[in-house]
Amino acid sequence: MICSRPLYAQHGIAELWILNLQDRVVEVNRDPDGRGGYRSTWLAHPGALLQPERVPDCTIAVADLLE
């Protein structure tokens with residue numbers, strides 16, 4: 001898989017979600033560090049709920065993303 005994570009981070013994209021359908025997880029990346037990485041990265045598994053930082057009134061079930 002080719003991932004453009006560094007490119008997104010370098011351009012200040014505040015939040016990046018990568019759907020890993022093979023492993024059934026969503027990789028959440030937040031707070032770009034300006035050097036091509038993110039300060040906060042974690043895996044969200046089915047059963048978890050995600051809230052985009054810029055749209056806090058929105059809640060998305062990880063399981064729904066992985067269907």
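**Salt bridges and the strand framework**

A search of the whole structure identified five salt bridges, a salt bridge being defined as a side-chain nitrogen of Lys or Arg within 4 Å of a carboxyl oxygen of Asp or Glu. The structure is a predicted model, in which local features need pLDDT of at least 70 and side-chain atom pairs count only at pLDDT 80 or more, while totals for chains, interfaces and linings use all residues. Residues are numbered from 1 along each chain as its sequence is written, and side-chain values use heavy atoms, with hydrogens and water left out.

One of the salt bridges joins Glu27 to Arg5, with the closest N and O atoms 2.8 Å apart. This pair links distant parts of the chain, since Glu27 lies in strand E2 (residues 25-32) and Arg5 in helix H1 (residues 5-10), 22 residues apart; helices (H or I, at least four residues) and strands (E, at least two) are DSSP runs, numbered from the N terminus. Glu27 is buried, at a relative accessible area of 19%, whereas Arg5, at 25% relative accessibility, counts as partly exposed. In these terms, buried means under 20% relative accessible area, exposed means over 50%, and partly exposed is in between, as computed with a 1.4 Å probe on protein chains only.

A salt bridge is also formed between Glu15 and Arg30, whose closest N and O atoms are 2.7 Å apart. Here too distant parts of the chain are linked, Glu15 being located in strand E1 (residues 15-20) and Arg30 in strand E2, 15 residues apart. Both Glu15 and Arg30 are buried, and these two residues are linked with Glu53 in a network of salt bridges. In a further salt bridge, the side chains of Arg35 and Asp33 meet at 3.6 Å, N to O; Arg35 is exposed, with a relative accessible area of 69%.

The strands that carry several of these residues belong to an open sheet of three strands, arranged in the order E1-E2-E3 with antiparallel pairing, where two strands are taken to pair if DSSP finds at least two bridges between them. Strands E1 and E3 (38-44) stand at the edges and each have a single partner strand, so one side of each is left without a neighbour in the sheet. The twist averages 15° from one strand to the next, with axes taken as lines fitted to C-alpha atoms (for helices over the stretch in contact) and angles running from 0 to 180 degrees between N-to-C directions. The antiparallel pairing of E1 and E2 extends over six bridges, and Glu27 in E2 is the bridge partner of Ile18.
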